[in-house]
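The following exercises concern a predicted model. Each task is followed by a solution that proceeds step by step.

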Amino acid sequence: NIGIKHITSVDVDPTCKEIASTINKRQEMDGKFVAVTDDMCEFVYESDPDIVINTSCEHITDSQYKKWLHNVPKGSKIILQSNDYYDLDEHINCVSSLQEFKKKSQLSSFVTEDELQLQKYKRFMLIGHK
């Protein structure tokens, strides 16, 4: 047990709610998990989250990314992932380097920054504070 009190999963795709609820049924039944169908750019945080995670930053436009980041409460711990895999049509906001990702994300501090070379592309990860 890593001491997770509550997880809110936000996705604009309504089919994700059912899948997330099924996968996390035990935590949902314990009141520790809820899946929400909402636009993450419009999502209103009811309280300051301990951690905000976005593992697919390349799937939203640059303006959506900026709007989403703006709405994350200041000081929140944040985990971000993106990549340089431009060949997929749904990858509309890739970054070419870890430095570009850091600049785009404008976090106030960084705890970890890393990249992973995969067969076809690099995956970038930032952990820090907004």
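## Exercise 1: A charge over a ring

Task. Determine which ring K102 lies over, and place K102 within its helix.

Solution. Step 1: K102 is positioned over the face of F110, 4.7 Å from the ring centre. Step 2: a charge counts as sitting over a ring if NZ of Lys is within 6 Å of the ring centre and within 35 degrees of the ring normal. Step 3: K102 belongs to the buried residues of helix 4 (residues 98-105), together with L98, F101, K104 and S105.

## Exercise 2: The two sides of helix 4

Task. Establish how the buried residues of helix 4 are arranged around the axis, and identify what they pack against.

Solution. Step 1: the buried set consists of L98, F101, K102, K104 and S105. Step 2: these residues span an arc of only 165 degrees around the axis, and therefore lie on the same side of helix 4. Step 3: the general geometry agrees with such a pattern, because an α-helix has 3.6 residues a turn and residues three or four places apart point the same way. Step 4: on the face turned away from the buried side, helix 4 carries the exposed residues Q99 and K103. Step 5: the packing partners of the buried residues of helix 4 are helix 3 (62-71), strand 4 (77-83), strand 5 (109-117) and strand 6 (122-129).

## Exercise 3: The residue after helix 4

Task. State what is notable about the phi of Q106, and decide whether Q106 is buried or exposed.

Solution. Step 1: Q106 comes just after helix 4, in the loop between helix 4 and strand 5. Step 2: its phi is near 45 degrees, which is a positive value in a residue other than glycine. Step 3: for context, most residues other than glycine have a negative phi. Step 4: the relative accessibility of Q106 is 66%; as the threshold for exposed is over 50%, Q106 counts as exposed.

## Exercise 4: Helix 3 and strand 4

Task. Describe the buried face of helix 3 and the surroundings of strand 4.

Solution. Step 1: Y65, W68 and L69 are buried in helix 3. Step 2: viewed down the axis of helix 3, the buried residues fall within an arc of 95 degrees, so they line one face of the helix. Step 3: S63, K66 and H70 are exposed on the face of helix 3 turned away from that buried side. Step 4: strand 3, strand 4 and helix 4 are what the buried residues of helix 3 pack against. Step 5: in strand 4, 5 of the 7 residues are buried, so this strand is largely enclosed by the rest of the structure. Step 6: strand 4 runs parallel to strand 3 (residues 51-54), and 4 bridges join the two. One of the partnerships between these strands links I51 with K77 of strand 4.

## Exercise 5: Aromatic pairs

Task. How many aromatic pairs does the structure hold? Classify the pair of F43 and Y45 and the pair of Y85 and Y121.

Solution. Step 1: the structure holds 3 aromatic pairs. Step 2: F43 and Y45 are 5.1 Å apart centre to centre, with 85 degrees between the planes, and their pair is edge-to-face. F43 is buried at a relative accessible area of 16%, whereas Y45 is partly exposed at 22%. Step 3: Y85 and Y121 have ring centres 4.7 Å apart and planes at 15 degrees, so this pair is stacked. Step 4: Y85 lies in the loop between strand 4 and helix 4, and Y121 in the loop between strand 5 and strand 6, so the pair ties together parts that are 36 residues apart in sequence. Step 5: Y85 is buried, with 14% relative accessibility, while Y121 is partly exposed, with a relative accessible area of 22%.

## Exercise 6: Cysteines

Task. How many disulfides does the structure hold, and why is C16 not bonded to C41?

Solution. Step 1: the number of disulfides is 0. Step 2: the closest cysteine sulfur to that of C16 is in C41, at 15 Å, which is too far for a bond. Step 3: C41 is likewise in no disulfide, and the nearest cysteine sulfur, belonging to C57, is 11 Å away. Step 4: C16 is partly exposed at 27% relative accessibility, whereas C41 is buried, with a relative accessible area of 5%.

Definitions and conventions. Residues are numbered from 1 along each chain as its sequence is written. This is a predicted model: local features need pLDDT of at least 70, side-chain atom pairs count only at pLDDT 80 or more; totals for chains, interfaces and linings use all residues. Side-chain values use heavy atoms; hydrogens and water are left out. Buried means under 20% relative accessible area, exposed over 50%, partly exposed in between (1.4 Å probe, protein chains only). The arc is that of the directions from the helix axis to the C-beta atoms. Contact means heavy atoms within 4.5 Å. A disulfide is a pair of cysteine sulfur atoms within 2.5 Å. Rings of Phe, Tyr and Trp (its six-membered ring) pair if their centres lie within 6.5 Å; planes under 30 degrees apart count as stacked, over 60 as edge-to-face and the rest as tilted. Two strands pair if DSSP finds at least two bridges between them.
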